[in-house]
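The exercises below are to be worked with the sequence and the coordinates open. Each has a task, followed by a solution in steps.

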Amino acid sequence: MEMINLTIDHKPVVVRKGTTVLKAASSIGIDIPTLCYMKLDDMNIENKPGGCRVCVVEVKGRRNLAPACCTEATEGMEISTHTIRVVNARRTVVELILSDHPADCLICAKSGNCELQDMAHHLGIRQIHYQGEQSMYREDTSPAIIREINKCIMCRRCETMCNDVQTVGVLSAVNRGFQAVVAPAFEMNLDHSVCTYCGQCVAVCPTGALTEVDETGAVIRALSDPKKTVVVQTAPAVRAALGEEFGMSAGTLVTGKMVAALRRLGFDYVFDTDFAADLTIMEEGTELLNRLSAYMAGDQNVKLPILTSCCPAWVKFFEHSFPELKDIPSTARSPQQMFGSIAKTYFADKIGVKRKNLVVVSIMPCLAKKYESSRPEFAVNGNPDVDYALTTRELAHLINLGNIEFKSLPNEEFDSPLGESTGAAVIFGTTGGVIEAAVRTAYEVFTGKPLPRVDFEELRGMEGLRKATIDFNGTPINIGIAHGLGNARKLLEDIQAGNSEFHAIEIMSCPGGCIGGGGQPYHHGDAEILKKRQRAIYSEDKNKTLRKSHENPYITKLYEEFLGAPLSEKAHHLLHTKYFDRS
Amino acid sequence: MPGIKLSEKTIGIIQQVCADFRNEGSELINVLHQVQSKLGYLPAEVQEVIAKELNISVAKVYGVVTFYSFFTMIPMGEHPISICMGTACYVRGSEQVLAEFKRQLSIEVGQSTPDNKFSLNCLRCVGACGLAPVVMVGEKVFGRVSPQMVKSIIAEYKGGCAVEAKSA
């Protein structure tokens with residue numbers, strides 16, 4: 001390994017050949033400001049177009065300033081990172097960006113979380129010396145994501161996520177010069193494109209160019225309407241991240257405080273999507289066992305591997321890109337939609353409230369859940385099963401709006417009956433969790449024996465593609481796991497080619513699973529945060545007395561009182577769905 | 001997304017061009033060049049076929065098509081007129097020449113006349129700055145063009161086949 005000696009701000013540093021000046025500086029604690037640059041460590045993704053020129057540094061003997069993020073360190077280099085010339089250049093660059101940026105920071109959705117705003121503040125920009133033409137690109141609103149391209153600074157991070165990580169390929173830089181924008185093909189709106197609404201573009205956008213559709217106003221109206229009974233459900237991954245919005249360290253579990261906050265906001269019933277996750281396992285697990293049994297009995301037509309169907313971005317992805325595989329995923333609806341369906345039938349009857357007066361709000365780590373809840377098949381006579389899907393960030397905003405001192409809230413319990421859940425449900429929030437939950441139940445139902453151990457370490461981790469073989473009492477079951485749609489694509493191409501070795505595959509669109517969802521508090525590319533959230537999820541599972549979905553007594557009761565059995569006609573009607581060819 | 005309504009023959013032509021470049025995504029610009037020279041322009045449906053053949057996203061294809069002014073998504077006229085807006089031509093009055101072409105043909109930049117005889121475009125420097133301002137009609141170069149010459153340039157092409165005009 002060839003080593004390179006250089007000095008940065010007069011400090012000597014030794015780095016491997018190929019290291020950029022930016023990394024060399026950070027290795028000795030010198031912070032060079034960046035704007036377009038993005039590095040996602042565990043995904044091997046680095047976005048360094050060198051486009052914004054905020055990271056420029058002075059290189060002795062070189063005429064021009066050099067962008068640190070994409071300039072390789074060379075032997076004997078003498079770098080200065082904060083000379084007057086450099087700082088002036090940085091200020092000029094940021095002023096030029098601001099000269100074509102709407103000055104509506106006061107009312108921008110990203111205010112307070114905007115990297116451009118932070119940079120202007122950091123550099124102390126008080127005046128913009130350049131005046132010129134302003135971009136006037138139309139706003140594009142979809143069911144989940146809003147594109148306000150006038151706020152785009154062409155950092156290209158969204159393109160990196162959409163093309164390299166997710167391989168969805170919706171976004172690309174189009175046109176040239178001042179007219180250049182990041183847009184879908186033919187500059188169509190997002191809702192006409194193959195966008196999956198995974199929201200990873202929103203998660204990395206440094207400015208307010210890409211944001212989520214804000215439904216907090218509608219939720220406040222529902223809460224203040226005396227005729228409405230408002231029910232809320234919370235997805236597993238939310239409790240492992242919400243605390244970050246209130247200055248708590250990453251990985252702090254805030255389940256009890258979250259419940260308390262929702263109650264103080266005025267929700268009539270605070271329920272848990274985890275309940276529906278247990279229900280999902282009953283349906284999806286039974287489907288898996290049925291397919292496996294048929295396969296072992298010699299049925300050649302049985303569709304294997306079975307694919308999980310909880311993730312709406314993944315569902316939209318295969319509907320667009322692999323429509324010929326649409327019979328393979330489980331037909332089970334996602335936990336969000338199962339919850340909505342049960343809340344507006346079973347629960348509405350129980351409390352004697354008419355469907356039209358029951359409002360179901362969900363708190364999701366996800367943007368695609370907004371889209372999912374708007375799919376017409378999840379509505380009865382135009383009344384959706386889930387009325388509003390808020391992100392973790394939107395919930396934090398509501399809590400702040402309600403003047404609730406989150407950190408000092410007591411821990412409270414979910415309401416009954418749709419608030420009871422097992423440890424199997426909470427791990428839905430991380431990559432590998434859904435399939436582990438399914439295995440816990442499927443194993444016991446299939447073998448008729450209790451699990452020798454509940455924790456399946458072999459299914460856990462952060463690698464993008466994982467596989468494991470679980471011994472079902474003599475029958476080996478091959479399991480595949482993918483998170484990030486680029487990884488999912490690889491498994492799907494194997495299935496298409498007939499080369500898949502798996503019986504069951506779990507797919508989550510977002511890197512890390514729902515803990516890294518597009519609606520979570522911004523992690524700004526820090527993969528450590530995802531790992532901490534993951535650990536929090538597993539610790540919540542460990543602390544539960546019941547850790548297998550089929551042991552949830554309220555699920556048993558739901559089947560006895562209402563659904564009959566998994567895959568019954570009623571269950572099919574309320575808990576299953578079908579997929580569409582959107583190619 | 002626009003539905004594919006190209007003829008089998010057109011699709012065949014595009015597929016052949018892509019195959020000539022081993023269906024490699026990195027050959028996109030060459031493929032676009034060839035397809036445009038065969039079909040005259042690159043409408044959305046054509047870009048979709050190219051994206052599929054080269055296994056790249058349509059957005060990427062569209063991005064390249066819109067980046068280079070050479071590529072066009074609208075059919076060019078029988079006689080494509082290009083006015084150089086490079087620095088030399090611009091300072092010697094190409095803007096007034098362009099205005100006269102717009103006036104004479106009653107079309108804007110990027111449009112074609114209703115009879116599809118002429119289309120109007122701007123380009124950046126043809127490397128003949130000594131002849132500024134420069135106008136190209138098809139492959140032919142006209143130099144030191146003044147607004148007064150515009151009418152006669154158009155007239156040369158109006159009557160069907162173009163007469164050999166005196167170029168500078």
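## Exercise 1: Backbone outliers

Task: decide whether A:Arg156 is buried or exposed, then do the same for A:Asn381.

Solution. A:Arg156 is buried, because its count of C-beta neighbours inside 10 Å is 21. The cut-offs are these: a residue is buried with 20 or more other C-beta atoms within 10 Å of its own, exposed with 12 or fewer, and partly exposed in between, where C-beta atoms are placed from the backbone. A:Arg156 sits in the loop between strand E9 (145–147) and helix H4 (157–165) of chain A. Its phi is positive, about 70°, although A:Arg156 is not a glycine.

A:Asn381 has 6 other C-beta atoms within 10 Å, so A:Asn381 is exposed. Phi of A:Asn381 is also positive, near 50°, in a residue other than glycine. The residue belongs to the loop between strand E17 (379–380) and strand E18 (383–384) of chain A.

A note on conventions: this is a predicted model, in which local features need pLDDT of at least 70 and side-chain atom pairs count only at pLDDT 80 or more, while totals for chains, interfaces and linings use all residues. Residues are numbered from 1 along each chain as its sequence is written, and chains are lettered from A and ligands numbered from 1 in the order in which they are written. Helices (H or I, at least four residues) and strands (E, at least two) are DSSP runs, numbered from the N terminus.

## Exercise 2: Cis peptide bonds

Task: state where A:Pro305 and A:Pro417 lie, and give omega for the peptide bond that leads into each.

Solution. The bond from A:Leu304 to A:Pro305 is cis, with omega near -5°. A:Pro305 is in the loop between helix H8 (273–296) and strand E15 (306–307) of chain A. The bond joining A:Ser416 and A:Pro417 is cis, with omega about 5°. A:Pro417 is in the loop between helix H12 (392–401) and helix H13 (423–426) of chain A.

## Exercise 3: The overall form of chain A

Task: compare the radius of gyration of chain A with that of a compact globule.

Solution. For 583 residues the globule rule gives a value near 25 Å; chain A has 25 Å, so the two agree. The radius is taken over C-alpha atoms, and the rule is 2.2 Å times the number of residues to the power 0.38. Along the principal axes, the C-alpha atoms of chain A fill a box of roughly 80 × 60 × 50 Å. Of the 583 residues, 51% count as buried. The secondary structure of chain A comes to 18 helices and 22 strands.

Next, take the contacts (C-beta atoms, placed from the backbone, within 7 Å). Among contacts in chain A with a separation of 6 or more, 74% join residues 24 or more positions apart.

## Exercise 4: A sheet in chain A

Task: find which strands stand at the edges of the open sheet of 4 strands in chain A.

Solution. The order is E14-E13-E16-E19 (chain A), with parallel pairing; two strands pair if DSSP finds at least two bridges between them. Strand E14 (269–272) and strand E19 (388–391) of chain A are at the edges, each with a single partner strand, so one side of each has no neighbour in the sheet. From one strand to the next, the twist averages 25°.

Strand E16 (residues 358–364) of chain A pairs with E19(A) in the parallel sense over 4 bridges. A:Ser362 has A:Ala389 in E19(A) as its bridge partner. Helix H10 (residues 335–351) of chain A packs on the sheet, touching strand E13 (229–234), E16 and E19 of chain A, and its direction makes about 155° with that of E16(A). Axes are lines fitted to C-alpha atoms, for helices over the stretch in contact, and angles run from 0 to 180 degrees between N-to-C directions.

## Exercise 5: Chain B and its contacts

Task: say which helix of chain B gives the most to the side that touches chain A.

Solution. In total, 10 residues of chain B are in contact with 13 residues of chain A. Helix H4 (residues 58–67) of chain B gives the most to that side, with 7 residues. By class, the side of chain B that touches chain A has 6 nonpolar, 3 polar and 1 charged residues. Here Ala, Val, Leu, Ile, Met, Phe, Trp, Tyr, Cys and Pro count as nonpolar, Asp, Glu, Lys and Arg as charged, and the others, Gly among them, as polar.

The model scores ipTM 0.89 and pTM 0.90.

Definitions and conventions
Contact = placed C-beta atoms within 7 Å.
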